[in-house]
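Reader: I am new to reading structures and would like a close look at one part, the surroundings of the bound ligands. Could you take me through that part slowly, and then show me how it sits among the other features of the chain?

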Amino acid sequence: MEAEEIQDQKNYIKKVYELNKNKSLKYYILTMGCKLNENDSEKLVGMLGEMGYEESKEMNDADLFLINTCCIRENAEERVFGKLGEFKKIKEHKDIIIALGGCMMQEEHITNKIKKSYSFVDIIFGTHTLHKLPEDLYKCVINKKKIKDVLDIDGKVYEGLPIKRGDKKQASVTIMYGCNNFCSYCIVPYVRGRERSRKPEDILKEIEDLAKEGYKEITLLGQNVNSYNGRDGYKFANLLRDVDKIDGIEIIRFVSPHPKDFTDDVIDAIRDSKKISRLIHVPLQSGSTNVLKAMNRKYTKEQYLDLIDRIKQKVPDAVFSTDIIVGFPKETEEDFEDTLDVVRKVNFEQIFMFIYSRRIGTLADKMENQIPEEIKHKRFERLKKLFEDNIEENNKKYVGTTQKILVEGYSKNNPEMLTRKNRY
Ligand code: 5AD
Ligand code: SF4
């Protein structure tokens, strides 16, 4: 069934290619949000390439404009509307197609707003219909009609889409789609649907092919990778062990795990591997047990710290990165101090810090005692300062040590130096 749907789209790819032949058309793409969205865009770009479009980095050269949107926080949404203003100006004097896809398009209030105030948008597709870009594009060109192709029901797992990767050595591989957790602040479960895991054999084949092409570093992606369920009994730890066996792959990362699902078999798989990165991302969100409860995270401050200890016991050279949200509804000064306390105790290598952003449709949006913007910002600055003050001290442990890294290229600041993005 899914294979037939993909075959249909491959036929549409050929049809659009025929339409575009000898026209040397170009696309301009903007990708917002997380690595999953970036990986989705690599598939969009793969399909566009096969339809005869070339990439343009300059908006003025392009014939097709595409934004792969994100709705995790308000500022990501605002950027989309800003960009649409720029596209509109170009459309006033040039015959272009504007397509919007991804997470924001799964929100009804957004698609209504686009219909009302941005009616020059030609194609809207959601997260479950990304693979149908060729059909949407073909119908838009042939019928000269606006297309809205958004599904509310959960999408399926589609294999075999063309893909054009942004990097030659480092590749992301999505292992599962969707999320079942419903953290009360988060819009993701509403726009990406329930969890669906790819089959182990499809994932492993993709990574084996990447290794043959010369890729060295793989990042396994999912909203909640450690609830990966390949089939009965084949879980995330099995997948880690099997990826570890693939010759040629030297560094394995994964984002994002959920602390509540970080089981011992996963820790053992990390311990037994020489390839899995020792920089482990463990999203904290808050250090306060009260706030964590209101966030529906299903662990306490103590359980989080205990998990970090358990990992360190088995993997002594493990270091951690995390996500933290400040200013969640009802967060008191004491709650925030708990977050700072965990930050001091764990000594994170990297913290992705976010100011809580109200998302329509989520439980937290309806909670009383929303925190005033000014307090949120002050807490954010305090967290940032605590982290930054510690960087120099934290980095001292690396002086004189030898680390395995994947070189990214020459430094922008000093062309005689090579740089690396992440520690291994
Ligand atoms: N406000 C602020 N940050 C959020 N995140 C998710 N939803 C929100 C929100 N409403 C953060 C979480 C998550 C990361 C990807 O984005 O920290 O781990
Ligand atoms: Fe959002 Fe929580 Fe799911 Fe992560 S685990 S995507 S924060 S609901």
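Author: Around ligand 2 in this predicted model, the shell consists of Cys179, Asn181, Phe182, Cys183, Tyr185, Cys186, Val188, Pro189, Gln223, His258 and Arg297. Sorted by class, the residues of this shell come to 7 nonpolar, 3 polar and 1 charged.

Phe182, one of the residues around ligand 2, deserves a pause, and you can find it in the loop between β8 (176–177) and α6 (188–192). Its backbone has a positive phi of about 50°, although Phe182 is not a glycine. Most residues other than glycine have a negative phi. Is Phe182 buried, partly exposed or exposed? Phe182 counts as partly exposed, because its relative accessibility is 30%, and the partly exposed class lies between the limits of 20% and 50%.

Tyr185 belongs to the shell of ligand 2, and Tyr185 is also listed among the residues that surround ligand 1, so that it offers a natural step from one ligand to the other. The complete set around ligand 1 is Ile72, Arg73, Tyr185, Gln285, Asp323, Ile325, Phe354, Ile355, Tyr356, Ser357 and Arg359. Here the division by class is 6 nonpolar, 2 polar and 3 charged residues.

Several polar atoms in this shell can be followed one at a time. A polar backbone atom of Tyr185 is 3.0 Å from a nitrogen atom of ligand 1, and a nitrogen atom of ligand 1 also has a backbone N or O atom of Ser357 at 2.8 Å. With Gln285 the side chain takes part, since one of its polar atoms lies 2.6 Å from an oxygen atom of ligand 1. How much of ligand 1 does the protein bury? Taken alone, ligand 1 exposes 410 Å², and 87% of that is buried by the protein. Two elements, the strands β15 (319–326) and β16 (350–355), each give two or more residues to the shell around ligand 1.

Gln285 itself lies in a loop, the one between β14 (279–281) and α10 (289–294). Gln285 has a positive phi of about 70°, again in a residue that is not a glycine. Its relative accessible area is 7%, and Gln285 is therefore buried, the limit for that word being under 20%.

The backbone holds a further feature to look at, in the form of a cis peptide bond that joins Val255 and Ser256, with omega about -15°. Most peptide bonds are trans. Ser256 is placed in the loop between β13 (251–255) and α9 (264–271).

From that loop you can move on to helix α9 and to the charged side chains. A search of the whole structure finds 40 salt bridges, and one of them is formed by the side chains of Asp268 and Lys314, with N and O 2.8 Å apart. This pair links distant parts of the chain, as Asp268 is in helix α9 and Lys314 is in helix α11 (residues 301–314), 46 residues apart. The two partners fall into separate classes of exposure: Asp268 counts as buried because its relative accessibility is 18%, whereas Lys314, at 29%, counts as partly exposed.

Asp365 and Arg358 form another salt bridge, with a distance of 2.7 Å from N to O. Asp365 counts as buried at 18% relative accessibility, while Arg358 counts as partly exposed at 41%.

A third pair, Lys378 and Glu374, has its closest N and O atoms 3.2 Å apart. Both residues lie in helix α13 (residues 373–395), where they are 4 residues apart, about one turn of the helix. Lys378 is exposed, with a relative accessible area of 52%, and Glu374 counts as exposed at 56%. Elsewhere, salt bridges that share partners join Glu42, Glu159, Arg165, Arg198 and Glu206 into one network.

To finish at the surface, which residues make the nonpolar patch of about 400 Å²? The patch is made by Ile405, Val407, Tyr410 and Leu418. Of these, Tyr410 lies in strand β17 (residues 407–410), and Tyr410 is exposed because its relative accessible area of 61% passes the limit of over 50%.

How values were computed: Residues numbered from 1 in each chain as written. Chains lettered and ligands numbered in written order. Predicted model: local features only at pLDDT ≥ 70, side-chain atom pairs only at ≥ 80, totals over all residues. Heavy atoms only, no water. Near = heavy atom within 4 Å. Polar contact = N/O pair within 3.5 Å; in protein donor to acceptor, adjacent residues only side chain to side chain. Areas by Shrake-Rupley, 256 points an atom, 1.4 Å probe, with all protein chains shown as cover. Nonpolar A, V, L, I, M, F, W, Y, C, P; charged D, E, K, R; others polar. Patch = residues over 30% accessible without salt bridge, like charges linked within 9 Å, V, L, I, M, F, W, Y side chains within 5 Å. Salt bridge = Lys/Arg side-chain N within 4 Å of Asp/Glu carboxyl O. Buried < 20%, exposed > 50% of the residue type's maximum accessible area, 1.4 Å probe, protein only.
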